[in-house]
Structure formats: structure tokens, C-alpha cells
Amino acid sequence: MNQLEQDQGGWTARRAEIDRSCATPCLVFYASSIFWLLAGTFFALLASVKLHHPEFLADWSWLTFGRVRPAHLNTVIYGWASMAGIATLLWLMCRLCRVPLMYPAMLVVAAGLWNLGLTVGTVGILMGYSTGIEWLEFPMPAAFLLFSGFAIVTLWSVATFAQRQAEHVYVSQWYLFAAVFWFPWLYVTVQLLLMLFPVKGIPQACINWWFAHNVLGLWFSPIGLAAIYYLLPKVIGRPIYSYYLSILGFWTLALFYNWAGAHHLVSGPVPAWIVTASIVGSVMMIIPVVTVALNHHMTLHGNFRLLKYSPTLRFIVFGAMSYTIVSLEGSMMSFRFLNEPFHFTHRTIGHAHLGMYSFFTMTMFGSMYYIVPRLTGREWHSARLIRIHFWGVALGFALMYLCLSIGGVIQGLELNQAGESLEKLIAQFGYLDGISKFVEGFKAQNGAVPFLEIVHGTLLWLKLRTVSGVLLLAGHAAFAVLMVMNVHAWGRRHIGPTLFHDEDAADYDRALRQARADLTPANSGD
Amino acid sequence: MNYATWIFLGVFLTFAAAWLGLVFFPHEQLSGLRAQKDADSGQVFPPPYSGEALYGRSVYVREGCWYCHTQQVRGGDYNADLARGWGARRSDPRDYVHDAPHVLGSMRTGPDLANIGARQPSDKWHYLHLYDPQLTSKGSVMPPYRFLFELRKIVGQPSPEALELEGAASPAEGYEVVPSREARALVAYLKSLDRSYEFKE
Amino acid sequence: MISVYYVLVFGIMLLFGASIVWGLWWALRGGQFSDFQKGAQSVLDDDEPTLRPCDVFPDLREEYRKELARRANERKA
């Protein structure tokens, strides 16, 4: 603490230097990520429309549903989420290690490799060169380019960590450091075993799901949580409620998450012990999730009014709450009696978006609202656009999640012997009686609902999902405009190294410092 | 500090265990599986794909059929895979020994296809269904795969494999719709999907 | 052929697992887990200190400042 105070002047200058050193590579990563987000949203909308209007753009082979869907998944996963994640990771790493980013130009090269890989991969999928393995559809050359780009990111993270000037390793650094190793480990393993020399049949499915699930839990989740653990205290000006719990949460996540993947194969043609082990791992995930949820909630406790003011906080809290919900839902859905009826339905797509969108994407938006002004030295130009962004994506997501969950549950019940479709029963008996007869029918295992009736029942929900996609696209477009304005200096210039409101700081800072001085003896032990 | 050793060992074993459990042991346990040869009839189960069917499988993978169709009949007490008639028995790891990439699938926007060859053996049905799903399954949300077919001018006699299209779907006078090589291979693959054989233990 | 890849992947996994264990060992030895209070405070410093939220919608700045002052007074009282 003393050393910090002595060093205060030096640290302010160094922090400005850190932000300057990160500016170019992080902005390149962020700008690319937004490009891929828009591309991915576009593919998503196409796929969504195709699911209820199969004749839409049906005569172009490169835009058939089976190619647009993986194009959506891979552009948002590797393009949007990973690139936004990498920029956030680099900036957080430098801030927390308190050293500038060295040779930033190399990271621009990494971004170039990554973008090239994505372009090759996406065009490859559309042209029909998909590998046919979910979450890994990019053909081999694209995977190689992605890996080369990532190798640079990993090396730079290690080098930054090795040079660090900060004594303490903050909890976010644990998460980030783990993420930069976990991702290449997963990626290399699957590329070796599935692409270079593919194993056949069921072991392939096990490895596939081991990867696809771990890439969420061991690559995206750590970055999202690291950002939350850093930004939450920063934005509300209060340390994490229980630092001990945050560390415990990290280690328990590291221990249990690995196992969760095979719950995608429940009752499938795999040895039962694999699935059982995976279910146990999934359920044990409750421990890290509850520690994180409790911690976030208690940190925020009493500061909920701040959600009104801070865009960063609003997105981050949305993300943090979604993390809790998605993880608990995931643990629950691994149980056999829920997994078997509902796993192969639209509900699973809803669950996946609750994780990748509502948790990770929202957290990345929040991080960008905090980080980008510090990189460009400019504030966001328009509060109205920020609001359009927030409400577009928040309402859009809520609608999408509800549609997919409700539609998926109905679909799951009908697929598994409800006897008669909900639609028919409602037409015959009205809503209340129709629904209760439907549930009774499922319980009594009344027999098969004709498949095309099930399909017809999902149409309403799929159409509403397209509406939600339009809302999301509007939000994303608003954000892209904000970003362009900020980078091109259409926003207001702000003075000083890193603070958001230096021009306002002086007059209210005094009052706050006074308040802080009054609180200090009670607040901290030292 | 003494039990630190145990903590470390625990951490390592947990990490190793997950990888061993989900990657290594499944491979150890299952990669030795081979197709079974019936001593009496000399037949092999599951039968290896023909060249045509393998080519069709690559079309199946390329067009992403597996995003909406699973190929697994599950056991378990909470689903109706068997009751729906999607297969005569639960799928076995041995059913997949020829498969790479695996196309187990993760969605049932459309029905399971593990035994579609047994359920729907008609060439004619498959071609019509691929050309325009509405012709065979009104209300389906499956995309039409017209790009796997050729619209040809009839020269001399009409082709025997031309689709029997009626009404609004039929091509202009003097033209016919014939499946491309890819469509023929895809149908060969779909028809080969028949896992109704039994394994001998 | 397959075994070569498996040995490779196995090796990577061992390396990875070992690095995790090493990380935990290093953190315990270095006293990373000895003072949680200090650890939690380490991201907040005199420039962006406790009780100084540092992010806000541009057009709500005035209102926000009043809210902050109100809260500061409330705590003082």
C-alpha cells in the first residue's frame, strides 16, 4: 500500500503508457470482432428465416441451411466471441501485470492471421468444405491459421506475465492465464485426433463433445469471469465481496468443468459410465457457479442503482446473472429425465445462446464500453445509441430465449409420446384445458404425435425467433456505429490518461475523497 | 504444508481424469471394435459402405443434413426413440465403426435417420423428397435440394430416372428433372442406413 | 499411426496438468493466498479508488454526480 502511494504518480503515467501500447492491437481485434458479429448475425437471421420458410434463398447451394448454420456458429464463436475475448484478455493482462504490451505489432499480425483463418474457414464452409464436426467445421488450413494466430497471443500473455510489476496475482489473472493455455490444449488435441488422423465412430463423438463443451467452460467462461471480476470492482468502486470465494471458484471450475461435455450423449450409443461421470461433473459445477453468483451479488449489493448510470455495469451485470442461470440450467439439464426428452429440441439452442450470448457476449459488450474509451482516449458519442444497443439486445435475447425454451419444451414432449399435439388440443379445448390434457397425455405416454404436427407446432416460436433476431441485429448495428464514431474521433475528446471523466473529476472528487477518508478505518484493517 | 502434496496430486488427478475419462478411455475401450462377421452367411455387420454410399455420405456431411437429423436410437427410460419406430433396437457403438466424421447429430428438427433405409426403401420417394420435401411431406421445414438435380431438355426418349413431377411442380414441356450424380449418391447413402441387424455377443 | 498421435496428445495433457500443479504450488509458495483483503484491493488504487465509480452514460453525468454526492453524504451521516 505504501509503495503504491509513493508510486502513484509513476503508476498513472505507466497506466497511460499501457493503454497506449494496447491501443492498436486491441482496437484491431475489437473492430474485427464487430465485423464478424455482424456477419454472424446476418447468417443467423438467414438460418432462422429458412427454418420457417424453407423456400427462402433455397436454390443457391452455398446458402442452404446446412451451410449457413455452421457459418453462423463459427463466425460468432471464432470471429466475434474469440476476437473480442482476446482483446479483452490482452488489455486486462497488461493492466493487471502493470506492464505495457511489448511489440504490439506482432499482435496485429496475430489478428491478421486470425481474420485470414476466419475468412478461409467461412468461405470454405459455404463452398462445401466443412469437416462435418460440430464446432470444428472450419477446414484444416483455416484451423492452422487460427492456431498460429493464437500461438502469438499465448506467447505474449506468458511474456507479459513474466515481466509483471504487480506483486499480487489478481483472480482475473488466474482465469486469463488458464484460458490462454486451455484453448490451445483443446484445439490441438481435437485437431490431432479428429482431423489429422481421425479416429472413427463413437470415440470421435466423445472427443467432439469434450471439445465443444470445454471451449465454452475453459475458454469463454474464464475470459468472461475475468472481465467481470475486474470491471465490477472498478465500476462500482468497491472490492470483490469475498476474494477467497473468487479464488475457490476458479479452482473448482478448473476441476469440474472438464467433465461436463459427454452429457450431450446421454443414453446414446456410448458406454454408460462415460455419461454418468459426465453428469456427476455437470452437477458438481454447482459449486463454482454458486460461489461466483454469491460473490457478484454481494459485491453489487447496495449499488444496484448504479445500473442506471453505467453502460458497462449494465451489460456486465446482465452477463453475470446469465452465467448463474445458464450454469444451473446446464447442471439440471444433464439429468437423464430432463436430458432425454429435451436435448434434441430447440431448447438446447436456447440454452447455448443463454451461455454464449447472454453471458459471454453481454459481458464482452460491457468490457468494450469500459476499455475502448481508454484505448482511443474518447468517450462514447451517443447515449441514445448505447440505449438502443442495450434494449435491442436485451429484449431481443429475452424473446429468443423464451421462444426457443417454450417451443423446445413443447417439441420435446410431443417427440416423446404426448399422444396429441398441443396445437390440436388447444384448438379443441381452449388454452387451459388443452395444456393440462397435453401434459397428462405426456405423463400417460399416450403414443406418437405425427412428426409433421410437431414441426407445425414449432413454427410460431421459430417465427418469433426471427423477430428477436431483427432486434439483436438492430442492437449490433447501433453498437457498430458507436464503435466507428469512437475510432474515427466523432466522439468528444477527453483529457488525461485513463479516467473517464477527468474534466468532471476535480469538483466532486474532493467530496468523495473526504467520504473515503472517513470510511477507511472501518473499511480496511491496515 | 504437508498435505499440499495431496492437494497437488488431487488437482493433477482430477485434470488427468477428465481427459482420460472423456478422450483416452473411450478410445481405448472402443477403437478396438470391429465389424462382426457372421460365420454362417459370411455377411459383415455393420456392412461397409459402398463407394457410391460413401460419396453420398460426403454430400450428407457437406450439406449439413446432420444439423437437423440425428443418427442414434437412444436407450433410457425417458424418451420414445424406440416407440416412435425409429429403430428396432438401441444403437450400439459397433454400429458406427465405419463412420468418420461421426454424424450422431444434436437436433431433431427432422426425424432420426439411423434406420431411414429400412423405413423408407423407395428411391422414388427419396428423390421427390430431396427435390421438394413438400411433395412427399406437406408442411415440412426441410429445405429443397433442387440444386442437386438437373433440368434437362428431353432428347429422344425421356430418361428412366427422371422425376415423376405433377401439376405445378412439373417442368416445362419437353424438359425433365433428373438427379445429379450427387443426388444419386446421397440416396444410395440414405438407403444404406439400416441398422436392423443384430450383433452376436 | 494412431498411437503416435495419442502419445503426442497424452504428452500435451501431462505437460498441461503439470503446469497447473506447478501454478498452484507457485501461488501457495509465493503467498498469493495469504492476504485476501489485500488481493481484493489490488485492482483499486489511488487513481481509480474505492468509492469512485468510473463509468457512466455520457448524458447522465450530472445526475450521476449528484447521486454519488448523495451517497457519500449518506455514508458520512
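## Close-up views of a predicted three-chain model

**View 1. A salt bridge joins two helices of chain A.** The side chains of A:E329 and A:R347 meet in a salt bridge, with 3.5 Å from N to O. The pair links distant parts of the chain, 18 residues apart: A:E329 sits in helix α11 (residues 311-333) of chain A, and A:R347 in helix α13 (residues 346-376) of chain A. Both A:E329 and A:R347 are buried. As you look around this and the following views, please keep in mind that the model is predicted.

**View 2. A second salt bridge in chain A pairs A:E134 with A:R69.** Here the side chains come to 3.6 Å, N to O. A:E134 belongs to the loop between α4 (104-127) and α5 (140-162) of chain A, while A:R69 belongs to helix α3 of chain A, so the salt bridge ties together parts that are 65 residues apart in sequence. Are these two residues buried or exposed? Both A:E134 and A:R69 are buried. Over all chains, the count comes to 19 salt bridges.

**View 3. The surroundings of A:H476 in helix α17 of chain A.** This helix spans residues 451-487. A:H476 has a relative accessibility of 2%, so it counts as buried. Its side chain makes a polar contact of 2.5 Å with the side chain of A:Y357. Which residues is A:H476 in contact with, once its neighbours within four places in sequence are left aside? They are A:L37, A:L38, A:T41, A:Y357, A:F365, A:H389 and A:V393.

**View 4. The interface of chain A and chain B.** A total of 74 residues from chain A and 66 residues from chain B take part in the contact. Together the two chains bury about 5,900 Å², and carbon and sulfur atoms account for 66% of that area. Three residues are worth finding here: A:P269, A:F344 and A:F451 supply 13% of the area that chain A buries against chain B, more than any other three residues. Polar groups also take part, with 21 residue pairs in polar contact across this interface (both at pLDDT 80 or more). On the side of chain A that touches chain B, helix α7 (residues 202-236) of chain A gives the most, with nine residues. By class, that side of chain A has 41 nonpolar, 22 polar and 11 charged residues.

**View 5. Salt bridges between chain A and chain B.** Side chains of opposite charge can pair when their charged atoms come close. How many salt bridges are found across the interface of chain A and chain B? There are three. One salt bridge brings together the side chains of B:R146 and A:D59, at 2.9 Å from N to O. This pair crosses between chains, with B:R146 in the loop between α5 (133-136) and β3 of chain B, and A:D59 in the loop between α2 (8-52) and α3 (65-97) of chain A. A:D59 has a relative accessible area of 45%, so it is partly exposed. In another salt bridge, the side chains of B:E63 and A:R67 meet at 2.6 Å, N to O. A network of salt bridges links A:R67, B:R62, B:E63 and B:E182.

**View 6. Paired strands β3 and β4 of chain B.** For orientation, chain B has six helices and four strands, and from the N terminus on its elements run α-β-β-α-α-α-α-β-β-α. Strand β3 (residues 149-153) of chain B pairs with β4(B) in the antiparallel sense, over five bridges. At one of these positions, B:F149 has B:P179 as its bridge partner in β4(B). Why is strand β4 (residues 175-179) of chain B described as largely enclosed by the rest of the structure? Four of its five residues are buried. In chain B as a whole, buried residues make up 53% of the 201 residues. Among contacts in chain B between residues at least 6 apart in sequence, 68% join residues at least 24 apart.

**View 7. The interface of chain B and chain C.** In this view, 12 residues of chain B are in contact with 15 residues of chain C. The buried area is about 1,300 Å², and carbon and sulfur atoms give 91% of it. The side of chain B that touches chain C consists of 11 nonpolar residues, one polar residue and no charged residues. Between chain B and chain C the count is zero salt bridges, and zero residue pairs are found in polar contact (both at pLDDT 80 or more).

Notes
Residues are numbered from 1 along each chain as its sequence is written. Chains are lettered from A and ligands numbered from 1 in the order in which they are written. This is a predicted model: local features need pLDDT of at least 70, side-chain atom pairs count only at pLDDT 80 or more; totals for chains, interfaces and linings use all residues. Side-chain values use heavy atoms; hydrogens and water are left out. Contact means heavy atoms within 4.5 Å. Buried area is the accessible area (1.4 Å probe) that two parts lose on being put together, summed over both. A salt bridge is a side-chain nitrogen of Lys or Arg within 4 Å of a carboxyl oxygen of Asp or Glu. A polar contact is a pair of N or O atoms within 3.5 Å; within protein, one must be able to donate a hydrogen and the other to accept it, and residues adjacent in sequence count only if both atoms are side-chain atoms. Ala, Val, Leu, Ile, Met, Phe, Trp, Tyr, Cys and Pro count as nonpolar, Asp, Glu, Lys and Arg as charged, and the others, Gly among them, as polar. Buried means under 20% relative accessible area, exposed over 50%, partly exposed in between (1.4 Å probe, protein chains only). Two strands pair if DSSP finds at least two bridges between them.
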